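Here is a friendly tour of one model, with a look at how some of its helices pack and how its metal ions are held. Have the viewer open and follow along.

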Amino acid sequence: MLPKISKIQELKENQTTAFLIDNTNQLESVSLTDSEKKYVEEKLKEEQEASLFRYPNIIFFHKEKDAKKYLQTEAARKAGAAFFDNLKKEKIKSVQISRFGKKHLTLPFLEGLLLSDYSFSKYKKKKDDNAPDEILIADNAVSEEQIEELVKITEAVFHSRNLINEPLSYLTAKKYSEEMEKMGNEAGFKVEVFNKKKIESLRMGGLLAVNKGSIDPPTFSILEWNPENAKNKKPIVLVGKGVVYDTGGLSLKPTPKSMDYMKSDMGGAAVVASAIYAIAKNKLPVHVIGLVPATDNRPDGNAYVPGDIITMYDGTTVEIRNTDAEGRLLLADALSYAKKYKPELVIDLATLTGSAPMIAAHHALIAMGNNEDSLQKLKQTGEETFERLVEVPLWEEFGKPLKSSVADLNNLGAREGQTSIAGKFLEHFTDYPWLHLDIAGVAFLHEKDSYRPEGGTGFGTRLLYHFLKKFN
Ligand code: BES
Ligand code: ZN
Ligand code: ZN
């Protein structure tokens, strides 16, 4: 449960407080002893943060970074996260936030604090309950509406983190579609789920091929938020890779640092669902559709094999060369399906290639596509939300390794340039403005990084929400 957040006019005395300042002269307004003041001044010369422990309270200072605006904003988020870690350690339940510096810092500070207040403790006997339960905001520049919006976005991010952290023993494809139905009921968007029979009748050959080795049926879920006041005439379609577990299939992955992380291979779908959740909860005037093909990828008696030739939903034939390149197969079917909406823009998100983290580690997703304008806008939003992106090309040359002598395409390509090659494979199934976001490096962390926890991060939810909020 997130803490209760209220606005206050005046600061309380003897309370844990965070002061956001842009210069140390502002310390005059804080009642500090001479030695405390000296300590804070010295500390803030070198660093952005200083903490005074005045048992049972903490006085925390964050000095604005002298940098570009989006970097200042991110420094404020990180300070909020550092403050949260202090609070948790000291089991402090109620805190207040006060601003002397520039107006745009309080909200990101609060955002970093809230995004830190997450743990996946469903399967633990001992739940962790040391987080604060009350936050008081003494800043007139922050409105109740902004706080409400932030809380809803944060809850959406937590939904995607939970989905990513759920193991296959709980989150099968069917369960996944049910979880999205629950989210739809909560936030007010529509969810329709195609079962295996329906998927077979539609001949979604990519999704069905990957599912052949599984004892659990696949699902194809359609999420839709279409408010009366939608600004766009044609919908925006979000497509998410929903591989609930990727063993690699018969092209089996090794376990350490590979298969052992693969419950996160539905991270793209989780972000699609949580972005639509945030949009619906905040009633944004935008028509969005989410498409989520879901299955696990496993070896079994009937599993698809290298050498197979499959026919996709749009009739394209694909020679399978590696069963571990499965994501593109089910995404391709969903991308072909998206054509029926005559979309204004399609964005797919997928933990698609192991080469994506080789490019930008966990610092950025890898983006490519055929629509320069949306890509530039997304890049801008990426800086503002600090869910950044790095662009790679989709040159014609990347299509060459995907040729096949027995089918229209092969699903492997080559090792070098794999992130672009996989994008090139997807491009074949699009005929509309489209962006592909490879989130393999950012969806799941092996250790905590400030307000991003270990495990599922939800990276992409805030990016899509703010991008679509500005969309017109
Ligand atoms: N799900 C993996 C990609 C992945 C790797 C995601 C590491 C997150 C972390 C994907 O299905 C895959 O196995 N891709 C292969 C493709 C290759 C066989 C062409 C890869 O990138 O190694
Ligand atoms: Zn794979
Ligand atoms: Zn995969």
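## Where H3 meets H4

Let us begin at a helix contact in this predicted model. From H3, the residues Leu-107, Leu-110, Glu-111, Leu-114 and Leu-115 touch Gln-146, Leu-150, Val-151, Thr-154, Val-157, Phe-158 and Arg-161 of H4. Sorted by class, this contact of H3 with H4 holds eight nonpolar, two polar and two charged residues.

As for geometry, H3 spans residues 106-116 and H4 spans residues 144-165; their axes are 10 Å apart and the packing angle is about 30°. Because angles under 35 degrees count as roughly parallel, H3 is roughly parallel to H4. The crossing of these two helices, H3 and H4, is right-handed.

## H3 and its contact with H2

H3 also packs against helix H2 (residues 69-89): the two axes come within 6 Å and cross at roughly 45°. H2 and H3 are therefore oblique to each other, and their crossing is right-handed.

On the H2 side, the contact is made by Thr-73, Ala-76, Arg-77, Ala-79, Gly-80, Ala-81, Phe-83 and Phe-84, which meet Pro-108, Phe-109, Glu-111, Gly-112, Leu-113 and Ser-116 in H3. By class, the contact of H2 with H3 has eight nonpolar, four polar and two charged residues. Glu-111 of H3 appears in the contact with H2 and also in the one with H4.

## The zinc ion, ligand 3

Now to the metals. Which protein residues serve as donors to the zinc ion (ligand 3)? They are Lys-241 through NZ, Asp-246 and Asp-265 through OD, and Glu-326 through OE, at 2.0 to 2.4 Å from the ion. Along the chain, these donors follow the spacing K-x4-D-x18-D-x60-E.

Six donor atoms surround the zinc ion (ligand 3), and because they subtend angles of 77 to 173°, the arrangement is octahedral. Asp-246 sits in strand E10 (residues 242-246), while Glu-326 is in the loop between strand E13 (317-319) and helix H9 (327-338), so the pair ties together parts that are 80 residues apart in sequence.

## The zinc ion, ligand 2

The zinc ion (ligand 2) has protein donors from Asp-246 (OD), Asp-324 (O and OD) and Glu-326 (OE), lying 2.0 to 2.2 Å away. Their spacing along the chain is D-x77-D-x1-E. Here the six donor atoms subtend angles of 71 to 168°, which makes the arrangement around ligand 2 irregular.

What links the zinc ion (ligand 2) and the zinc ion (ligand 3)? Asp-246 bridges them, and the two ions lie 3.2 Å apart.

How values were computed. Residues numbered from 1 in each chain as written. Chains lettered and ligands numbered in written order. Predicted model: local features only at pLDDT ≥ 70, side-chain atom pairs only at ≥ 80, totals over all residues. Heavy atoms only, no water. Axes fitted to C-alpha atoms, helices over the stretch in contact; angles between N-to-C directions. Helix = DSSP H or I, 4+ residues; strand = E, 2+ residues; numbered from the N terminus. Parallel < 35°, antiparallel > 145°, perpendicular 65-115°, else oblique. Left-handed = near helix turned anticlockwise from the far one by under 90°. Contact = heavy atoms within 4.5 Å. Nonpolar A, V, L, I, M, F, W, Y, C, P; charged D, E, K, R; others polar. Donors = N, O, S within 2.8 Å, 3.2 Å for Na, K, Ca; no water. Tetrahedral: all angles 85-135°; square planar, octahedral: opposite > 155°, others 65-115°.
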